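Biologist: Before we discuss the salt bridges and the overall fold, could the sequence and the structure be put up for both of us to look at?

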Amino acid sequence: MSTSDDAPRPLVDQSVLDRLREELEEEEGYSRVFVGNFIEYLPQRLGRLRLALTTGDLEGSLDAVLSLKTSSQMVGAERLAGLALELENEIRAEARHADMAVVLPRLAATFLRPITQCSRQTMHRLQAQCCPGAKR
C-alpha cells in the first residue's frame with residue numbers, strides 16, 4: 001500500500017461538505033440526512049467488502065470497493081476514498097493474471113485494517129463537523 005502523494009489526504013474535505021450543503025439547500029437539512037446515511041451504512045459497506053475479499057469474490061470485491069469509494073467521495077471522506085481507490089487499483093491489476101482465491105484474501109489482510117481504522121476516524125470527524133446527533 002502506498003500513496004501517490006507525500007502528504008496524506010485530509011480525513012474530511014470541508015469544502016465538499018460545504019458544497020453538499022449548498023446543493024441540497026441546507027435549510028431543509030438534507031445534507032445532514034445524506035451524511036447521516038453515509039455514517040449509518042458505512043459498517044454494512046465495510047462488511048460487504050470484508051466478505052467479498054476474504055471469500056475470493058472478484059465481482060463482489062469490485063462492487064463493494066466502488067461503493068465505498070464513491071460514497072466516501074460524495075461526503076468528502078478523502079482519505080477513505082483514497083484507500084478504497086488504492087485497493088481498487090490493486091484488485092484490477094491482480095485480476096489480469098492471478099488466482100483471486102489467493103490474491104483477494106491477501107489484499108484483505110493488507111487493506112482491511114487501515115480502511116476500518118480510517119472509517120472510524122472519518123465517522124467521528126463527520127459527526128463532529130456535520131451531524132453531531134448522527135448515529136454511530
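Biologist: Which helix holds both R21 and D18, and by how much of the helix are they separated?
Modeller: Since this is a predicted model, what follows describes the model alone. R21 and D18 form a salt bridge, with their closest N and O atoms 3.0 Å apart, and D18 counts as partly exposed at 34% relative accessibility. The two residues are 3 residues apart in helix α1, which spans residues 14–23, so their separation is about one helical turn.

Biologist: How far apart are the closest N and O atoms of the salt bridge between D63 and R48, and which helices does the pair tie together?
Modeller: The closest N and O atoms of D63 and R48 are 2.4 Å apart. D63 lies in helix α3 (residues 58–74) whereas R48 lies in helix α2 (residues 30–54), so the salt bridge ties together parts that are 15 residues apart in sequence, and the helices asked for are α3 and α2.

Biologist: Are D63 and R48 buried, partly exposed or exposed?
Modeller: The class between buried and exposed runs from 20% to 50% relative accessible area. D63 has a relative accessibility of 45%, and R48 has a relative accessible area of 38%. Because both values fall within that range, D63 and R48 each count as partly exposed.

Biologist: In the salt bridge between R92 and E88, which residue is buried?
Modeller: The side chains of R92 and E88 meet at 3.0 Å, N to O, and the two residues, 4 residues apart in helix α4 (residues 78–95), are separated by about one helical turn. R92 counts as partly exposed at 38% relative accessibility. With a relative accessible area of 7%, under the 20% cut-off, the buried residue is E88.

Biologist: Which residue is linked with E88 and R92 in a network of salt bridges?
Modeller: The structure holds 5 salt bridges, among them the one between R92 and E88. In the network, E88 and R92 are linked with K69.

Biologist: What pattern does the chain follow along the sequence, and what percentage of its residues is buried?
Modeller: The chain has 5 helices and 0 strands, and its pattern, read along the sequence, is α-α-α-α-α. Of the contacts with a separation of 6 or more, 70% are between residues 24 or more positions apart. Among the 136 residues in the chain, the buried share is 43%.

Definitions and conventions:
Residues numbered from 1 in each chain as written. Predicted model: local features only at pLDDT ≥ 70, side-chain atom pairs only at ≥ 80, totals over all residues. Heavy atoms only, no water. Buried < 20%, exposed > 50% of the residue type's maximum accessible area, 1.4 Å probe, protein only. Contact = heavy atoms within 4.5 Å. Salt bridge = Lys/Arg side-chain N within 4 Å of Asp/Glu carboxyl O.
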